Amino acid sequence: MTDAIKKSFEDVKLFPFWLDNPAAPQVERELIGQTTADLVIVGGGFTGLWAAVQAKELMPYLDVVVIEAGKVAYGASGRAGGIISTSVMHGLPNATRVFPKDLDILEGFGHDNLDGFKATVARYGIDADLEWNGEMTVAVDERHLDHLREDFELHKRHGHNVVLLDRAEAQAQLASPLYAGAMWSRDRSGIVHPAKMAWGLKAAALKLGVRLYEMSPLTRLEDCGKTMLVHTQAGKVRTPRILLGTGTANVGIKDIKRRVMQVRDHVLATHPLTPEQMDRIGWRNRQGVYDTRTQLNYYRLTKDNRIIFGGLVSYHFDGNDNPAADRIEATYYKLGAVFHKTFPQLSDVGFSHAWGGPIDYCSRGAVFARRYFDEKVVYVAGYTGFGVAGSRFGALMGLNILFDRDTPERKLDISTQGPSWIPPEPLRWAGAKITFHAFDGADEQGGWKRMWIDGIKRLGFPM
């Protein structure tokens, strides 16, 4: 790695930019002793918080308890890129792959979900640096243009406000020499400060009367017949219903680990760009951006004009959620090199923060709900990197199952079918290592790397 790349990390903090914020709320007390509740939600990330808020709005009489193992937003929710997408199915192409016969209905769910997202933000006065500027997919190779056009036509057929940009038009939006073209989806998507969004949902839940306990890790679920007993390290809650918004955390249910695996994403935050540096890249419309690399990168601006730049997915044996590599500066050098290749005109811009975060990957690439303990427990996860807004829909779907509410999605495969199993260790580790190695260079080198990725896709796994 060049000295210039290393120099760009000379004052970096290996900690999420979003969480390095004096506006972080006070931590709620730990659960100590025994209590009861009508509903227990395990997990204080987006899924759990959305579930708590929506449960109290739909059924104000409920006594709702949320337990969080650490601090609210310190898991996946406070480590995301913070790009808001319309789809609840990881985008239209993935929805077409997984549930083609329900595509129009799922699109409607996505629109309704974003409307509900916006309404909640307004209703509770959540200040989360929201900007509704759309999202842009940029082709970084002319060979990707045919796929981009197909994606554009698919979005047009389903009523999206999209424009297809040629090389000059794409670079007029955001000046990178890599861009051969772009698709800009201009409505119902944008960017958000994910930690501030989670903290705003926390405040809303507390205002609604939810009892929230932080620093209260789940230790065991006990089936008591008509009720469940939720054990933490210092307390217990008896309840007839539990919603698990725990991502890839181990909650003692073997079936969950068979269907979801944790991969690690890596993210950089630059120092704030000066007005002159901003002029070098343009980006006046401030869209969230995804590129078309097989090992994709995504990026967006913050309120103070930092660039958040993510990618470089990895896997650690048995889904290790605290790998030592995430705490080593050199882990992020390759991602820094990609940043400077994307924006060579920002060679004088360094990085203030670098961090890793978990992604709950599943074979269908989008949220699912699974029932356990005679349907007293519902687990909701599998967003595969698209949970910032999709978690609201996932939480509502989980609540509708738990309370047997007659709602449209419960009649569809999205509610009744889960993802397929993922091979166990050590096959999981070996397969992931080969796959992520294939990602690096697959677009340029082709050969066995492209053949391997195509084979994985034919097995039904989203790439």
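The following is a conversation about a predicted model and the terms used to describe it.

Visitor: What should I know before we start?

Guide: This is a predicted model, so local features need pLDDT of at least 70 and side-chain atom pairs count only at pLDDT 80 or more, while totals for chains, interfaces and linings use all residues. Residues are numbered from 1 along each chain as its sequence is written, and side-chain values use heavy atoms, with hydrogens and water left out.

Visitor: What makes the protein as compact as a globular protein of its length?

Guide: Its radius of gyration is 21 Å, close to the 23 Å from the globule rule for 463 residues, so the description fits. That radius is taken over C-alpha atoms, and the rule is 2.2 Å times the number of residues to the power 0.38. The C-alpha trace spans about 60 × 45 × 45 Å along the principal axes.

Visitor: How many helices and strands does the protein have?

Guide: There are 15 helices and 20 strands. Both are DSSP runs numbered from the N terminus: helices are H or I with at least four residues, strands are E with at least two.

Visitor: Why is α4 called roughly perpendicular to α11?

Guide: Helix α4 (residues 103-123) and helix α11 (residues 387-402) pack at about 100°, with axes 9 Å apart. Angles of 65 to 115 degrees count as roughly perpendicular (under 35 is roughly parallel, over 145 roughly antiparallel, the rest oblique), so α4 earns that label against α11. The axes are lines fitted to C-alpha atoms, for helices over the stretch in contact, and angles run from 0 to 180 degrees between N-to-C directions.

Visitor: Which residues make the contact between α4 and α11?

Guide: On α4 they include Phe109, Asp112 and Phe117, and on α11 they include Val388, Arg392 and Phe393. Contact means heavy atoms within 4.5 Å. The residues of this contact divide into 6 nonpolar, 4 polar and 2 charged. Here Ala, Val, Leu, Ile, Met, Phe, Trp, Tyr, Cys and Pro count as nonpolar, Asp, Glu, Lys and Arg as charged, and the others, Gly among them, as polar.

Visitor: Is Cys362 buried or exposed?

Guide: Buried means under 20% relative accessible area, exposed over 50%, and partly exposed in between (1.4 Å probe, protein chains only). Cys362 has 0%, so it is buried. Cys224 has 32%, so it is partly exposed. A search of the whole structure finds 0 disulfides, a disulfide being a pair of cysteine sulfur atoms within 2.5 Å.

Visitor: Why does Ser176 count as buried?

Guide: Its relative accessible area is 1%, so Ser176 is buried. Ser176 lies in the loop between α6 (167-173) and β7 (181-185). Beyond neighbours within four places in sequence, Ser176 is in contact with Gln171, Thr342 and Phe343.

Visitor: What makes Glu30 partly exposed?

Guide: The relative accessible area of Glu30 is 25%, so partly exposed is the right term. Glu30 sits in the loop between α1 (3-7) and β1 (33-36). Not counting residues up to four places away in sequence, those touched by Glu30 include Tyr213, Met215 and Gln233.

Visitor: Why is Met215 called partly exposed?

Guide: Met215 has 37% relative accessibility, so it counts as partly exposed. It has a positive phi of about 55° although it is not a glycine, and lies in the loop between β9 (211-213) and β10 (218-223).
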